[in-house]
Amino acid sequence: MRKSVRIFAAAALLLGSAPLFADAQADLTARYATLKAAMDEREDKPIKAMLTKDFHSTDLQGEVRDADDMIARLAMVPVGPEMKSETKLLSVAVEGTSAKVMQNTSMSIQRQGRDGVMHAGEFITVAEDIWVQQGGQWLLKSSEAQEITIKRDGVEMRHFKKGDVIPPRGERAGRPPAQ
């Protein structure tokens with residue numbers, strides 16, 4: 001009898017938490033869409049409205065940036081109809097008023113290469129984001145890159161994970177850039 005009560009209690013707990021997860025995932029999916037729209041506009045106020053005051057992002061090599069640094073770097077990313085991005089939530093773990101989200105953001109662009117041919121470029125980033133509820137809404141507190149994959153015409157060219165040494169732009173795995 002006691003065993004069946006424990007099983008029933010565990011099942012009730014799991015079933016009771018399912019709507020919380022679904023609601024949090026739906027809410028956070030909507031927040032990512034709103035954040036993407038703000039970032040596409042490159043306006044700092046709408047972006048900052050989605051972030052906590054102490055927001056920080058950490059790149060693969062452990063370099064930490066605040067909101068102003070992140071927005072300044074975002075301004076360097078080209079904008080245009082040829083640039084597309086999509087974010088997918090891989091997992092959501094809610095604990096109280098915070099949520100840990102593993103997400104995958106894919107950015108793709110079509111552009112002409114040095115060979116004169118149009119090429120499809122894709123940058124796929126997996127990050128661990130921490131969201132907190134403040135004032136009745138989810139705000140992004142931190143984002144930490146876990147891995148990045150770079151593809152050209154669907155072929156993986158490079159893959160880096162957290163802690164890897166990334167060569168300076170234009171260099172390849174220990175070789176200096178072409179002169």
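In strand 4, K100 is the bridge partner of A93. This pairing belongs to a predicted model, in which local features need pLDDT of at least 70 and side-chain atom pairs count only at pLDDT 80 or more, while totals for chains, interfaces and linings use all residues. Residues are numbered from 1 along each chain as its sequence is written, and side-chain values use heavy atoms, with hydrogens and water left out.

The A93 and K100 pair is a handy way into the hairpin around it. Strand 3 (residues 83–95) and strand 4 (residues 98–112) run antiparallel and are joined by 12 bridges; two strands pair if DSSP finds at least two bridges between them. Two residues separate these strands in the hairpin, and G96 in the turn has a positive phi of about 65°. As general background, side chains in a regular strand alternate between the two faces of the sheet.

Stepping back to the whole chain, the secondary structure comes to three helices and seven strands. Helices (H or I, at least four residues) and strands (E, at least two) are DSSP runs, numbered from the N terminus. Along the sequence their pattern reads α-α-β-β-α-β-β-β-β-β. Of the 179 residues in the chain, 26% are buried, where buried means under 20% relative accessible area, exposed over 50%, and partly exposed in between (1.4 Å probe, protein chains only). The chain exposes about 12200 Å², with carbon and sulfur atoms supplying 57% of that area; accessible areas come from the Shrake-Rupley method with a 1.4 Å probe, and for residues only the protein chains shown count as cover. Among contacts with a separation of 6 or more, 47% are between residues 24 or more positions apart, a contact being heavy atoms within 4.5 Å.

A word on confidence is useful before turning to side chains. The predictor's confidence in each residue, pLDDT, runs from 0 to 100. Its mean over the chain is 83, and 82% of the residues reach 70 or more. Over residues 1–21, however, pLDDT stays under 50, and the model has one contact beyond four places in sequence for this stretch. Where pLDDT is low, the predicted coordinates should not be read in detail.

Helix 1 also offers a link to a strand. One aromatic pair is counted, under a rule that pairs rings of Phe, Tyr and Trp (its six-membered ring) if their centres lie within 6.5 Å, with planes under 30 degrees apart taken as stacked, over 60 as edge-to-face and the rest as tilted. The ring centres of Y32 and W131 are 5.1 Å apart and their planes stand at 70°, so this pair is edge-to-face. Because Y32 lies in helix 1 and W131 in strand 5 (residues 118–134), the pair ties together parts that are 99 residues apart in sequence. Y32 is buried at 8% relative accessibility, and W131 is buried too, at 0%.

Charged side chains supply further links. Eight salt bridges are present in the structure, each a side-chain nitrogen of Lys or Arg within 4 Å of a carboxyl oxygen of Asp or Glu. In helix 1 (residues 2–41), K36 and D40 are four residues apart, and therefore separated by about one helical turn; their side chains meet in a salt bridge of 2.7 Å, N to O. K36 is partly exposed, with a relative accessible area of 31%, and D40 is partly exposed at 36%.

Another salt bridge, 2.4 Å from N to O, brings together the side chains of K48 and D68. This pair links distant parts of the chain, with K48 in helix 2 (residues 44–48) and D68 in helix 3 (residues 67–74), 20 residues apart. K48 has a relative accessible area of 34% and is partly exposed, as is D68 at 45%. Helix 3 also holds A72, which is partly exposed at 44% relative accessibility. The C-alpha atoms of A72 and D44 are 9.1 Å apart, with their positions 28 residues apart along the chain.

Elsewhere, K161 and D164 form a salt bridge whose closest N and O atoms are 3.6 Å apart; K161 is partly exposed, at 47% relative accessibility. D59, E63 and R65 are linked in a salt-bridge network. Two of its members, E63 and R65, are touched by S57, whose contacts also include V64, M70 and S143, not counting residues up to four places away in sequence. S57 is found in strand 1 (residues 51–58) and is buried, at 14% relative accessibility.
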